[in-house]
Amino acid sequence: MEMSPGQTQFTSLLDNATLSRLERMRLNPRRRLTNRSRGEHQSGKGGTSTEFVDYRDYSPGDDVRYVDWNIFSRLEKPFVKLYRHEEEMHVVLVVDASSSMQFEGKFDRAKQLAAALGLLGLMNVERVSAYSCNHLGQEPAFLPPCTGRISRKRLFEFLETIQGSGEFPIEQAVEAVLRRHRGRGIAVVLSDFLTFGDFDRAFNRLFSAGLEIFAIQVLAPSEINPEITGDLRFVDSENGHVLDVSSAGDLLGIYHEHRLALEEELGLACRQRNGRFLSISSRDPLDWVLFDLLRRKGWVR
Amino acid sequence: MGAMTWPGFLAVHSAWLFLLLIPLIIFYFLKLRRPKLQIPSLALWRSVLADRRVNSPFQKFKRNLLLLLQLLLLVCLVLASMQPFWPSGAERVQNLPVLIDCSASMAALDRPDGLSRLDEAKARIGQLIDEMLPDQRMSLIAVSNTARRLTEFTDDKRVLRAALAELKVSQVASRLEDGLRMTQALARTVPVETAFLYTDGNIPAIVDFELPFQLNFQRLPSGGNNLGITALSAQHRDDQWEVFVRVEGARPGAQQPDGAAANRAATTADDSAPPAAPPPDWNGAAAVQLFKDNRKIAEEAIVLDPGQSQRLEFLVDASGPSAVEVRLMPDGFDALDADNIAYLDLPVARPLTIYCSSELGSYRQALQGIKDVVVYPADEGGDAPASFDLVITDRKEDAELESDTFLFVGVIPDDVGKLLKFGEGTVQIVDWHRSAPLLQHVLLADVQIADTPTSAEGVKDKDYEELGYEILAQARSGPLILQKNLGGKQLSYLLFHTDRSTLPYRVGFPIFVTNVVQMARRQAGLSEVVAQQTGVLPPRTLSPETEYEVTGPDGSRQSSRSSLGGVLSGIAAPVIGRYVVKESGREVASVGVSLLGPSETSLRWIEQLQFREMSVAAAETMLKSDYSLWTWFAGLGFGLLLVEWWYFHHRPAGMA
């Protein structure tokens, strides 16, 4: 992303103009999965916000401050005014920081998207937490839940400092995150989803935990359109395993079919759990992704 | 529908080399060099490789193209080492004696500036050499009027090609027997099933030989039209030589089995039967030039139709010895050059000198009626010459006289004496050699002979023949007239004295004496001179036991030593032209030899060879031989090697 020289940047992940535009946007989850604690996210249940919802009969023990005295004077029957309850929504950012993300700007793009979506949460006075998953068996790096505009710096610093390495499969990383995480809301999972494991189980657990899945698959251009040919020995960047492939150029057609099938499978798995899925290239312009693609897909508003 | 032909292998044991395929496959997979490429995750590629389509046998095969090329390369090399061949259908032979006719007619061209028959034969034999299989061996034998082995049985194609390249046409007539005998001798050292004969078919149809092997008679395409001199001779008449030249026009064609073609060729131009219309490409016009001592003295133009001949007569002064050369200058295309020139050596014309014993009055009386003879001792006396052309005597000691022709009357040779005994009574001649020059037109029936030479007990005719005598006449009890050729001398023996027989009173006696004189004339070269043919120079009497050097027309030199009697013989003369005999660098004689072969000039071919017990038909199609395939496999292997090299070094690999 272009940084104008001489201008102090708030973060190295996003330039100030992008931040400014992001501050005027909000996350747009399909369901209102909120916490009981008060927040700025309107739950739809009766609450204490200034937004009137309905009347109900007064019951003994109700707070008399919510009795509509004008109605009482006209009807001589007490009615209690009901207001929209504003509850807090939890936005949990899960960033795949394994070695497979260290190709062609995938990890950087994942961190930028995490920063942007986290910023949307903070600006909407949601609780935002972040996890970075590197090594299998180790606890993911963790940004405790924070909220409010003031927490922007913490969020950005956390994302700026996480390093990419390791072999943490994303499905296991999600489960590791859920062992620590409490709260309902949105789980933004940023990964390439190139895993040997079964991500259905991880998505099920996210769904069970009351987290709406925002899955973003970040792929490198060479993964989307590999230009290879001949006999090759592929080396897995995470575990060093090798795979001999002969006449790789002849297999590209099948490769594309399998890649699209994986996207289809991920999208279906997310939709079945009221979630959303998006696959992007690490070379796609960030502004186009944030302000065009996500908006058109209804992820943000 | 014929049976399917499968290729054969000469070295089947090399099939063990196919086992090399196993280590090749193992090493291929162990040592396959693949460029390493680090990718984020193998997850997608593993699922790709697990795809059923990827694991189809064809895809696996396609992905291992390098291995496929290496396997094909190895298979090609192993197949080449197994020495495959494609059978021609003919029976395979291991030892191939190849007889190549290199007689004069093989120099015939098929068209102007075309190939000679020998060149055609060389091309075909060269192809045969090229297609020789490794277990086959070939021997080349040149056949003309004799046979010459060019190579041993060898599989060295270089040696065979070199020998073939050096082969030249001998300007002599064909004679097949020597070549076949040589092949028969070779067959005693190595098994020979079939001999191959390459000829233009212009060879004698009847071969006096019993074939112990099969003969593959390969007849080459015939040459073109030809004009040639087929006879050259001279007769002495009135201080002049009448030189006769016969020129024949020949258009190639098959000989008739009964020799009708030869007879037709001898037909003169003035035959009553009208000649057939000449073919469009025929040009029978020519000029015949006569040179005497390198000076042209006569020229005559002739026009011949195909198959016709013409006899020309020229007169040459006989006052001194002369070398005559006849040249034929055809106007159009002439297939054969060798028969366009002929040589004739004419001696000085002189009377025949005869020594006739004084006691042989009947002979002396008979000689008086013969012209151009001088008889010694003369009745009127006088000196006798040192040598005679003919000696007629009844004394054994007259054998010391110098002469080339002797007639001994009542003289028994020493070596024959022990085979004979003399009895009582009279004998009659029961049989005689009527075609012998000595007895031509002489009727010997009922001649009473008082002498009775009788063969000793147990003596057969072959005993005389073993001593070199030919029996010209014989009684029931034994031979009466013998003839022997001794060192160029013609010796005739009457084993009875004519004075004691009724022969001098018979009409045949003067004819008998005339025959003797004619023999002497011929021996002395006084009556008729016939041009010498190529082959061997005629024996010539020179100084005894002297070393002579003979230089041929092609510059070749031969050294030979004359015999005790001074006869120089056995000089090979395969090339037409003049042979010069030198003694210590000094020319002592010169002999011209010519082709003069009507059969060679006719360029007619035979359809089949007739041997004693069988006949062999000519084949005009080219001989098929087993076709060796190893070069194809080796070439294919080389091609695969190039493809593999290109594939290995130029294929793009890794990230494009």
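In what sense, and over how many bridges, do strand β7 (residues 211–219) of chain A and β11(A) pair? In this predicted model, the two strands pair in the parallel sense, and the pairing extends over 6 bridges. Within this arrangement, Phe214(A) stands opposite Arg276(A), the latter belonging to β11(A). Helix α8 (residues 252–272) of chain A packs on the sheet at this point, where it touches both β7 and β11 of chain A, and its direction makes about 165° with that of β7(A).

The sheet to which these strands belong is open and comprises 6 strands of chain A, arranged in the order β5-β4-β3-β6-β7-β11 with mixed pairing. Its edges are formed by β5 (141–147) and β11 (276–281) of chain A, each of which pairs on one side only. From one strand to the next, the twist averages 15°.

Another helix of chain A, α4 (residues 152–161), lies across β3 (90–96), β4 (127–133) and β5, and runs at about 165° to β5(A).

With regard to the cysteines, Cys133(A) has a relative accessibility of 1% and therefore counts as buried, the cut-off for this class being under 20% relative accessible area. Cys146(A), at 5% relative accessibility, likewise counts as buried because its value falls under that limit. Over all chains, the structure holds 0 disulfides.

Key:
Residues numbered from 1 in each chain as written. Chains lettered and ligands numbered in written order. Predicted model: local features only at pLDDT ≥ 70, side-chain atom pairs only at ≥ 80, totals over all residues. Heavy atoms only, no water. Disulfide = S-S within 2.5 Å. Buried < 20%, exposed > 50% of the residue type's maximum accessible area, 1.4 Å probe, protein only. Pairing = 2+ DSSP bridges. Helix = DSSP H or I, 4+ residues; strand = E, 2+ residues; numbered from the N terminus. Axes fitted to C-alpha atoms, helices over the stretch in contact; angles between N-to-C directions. Contact = heavy atoms within 4.5 Å.
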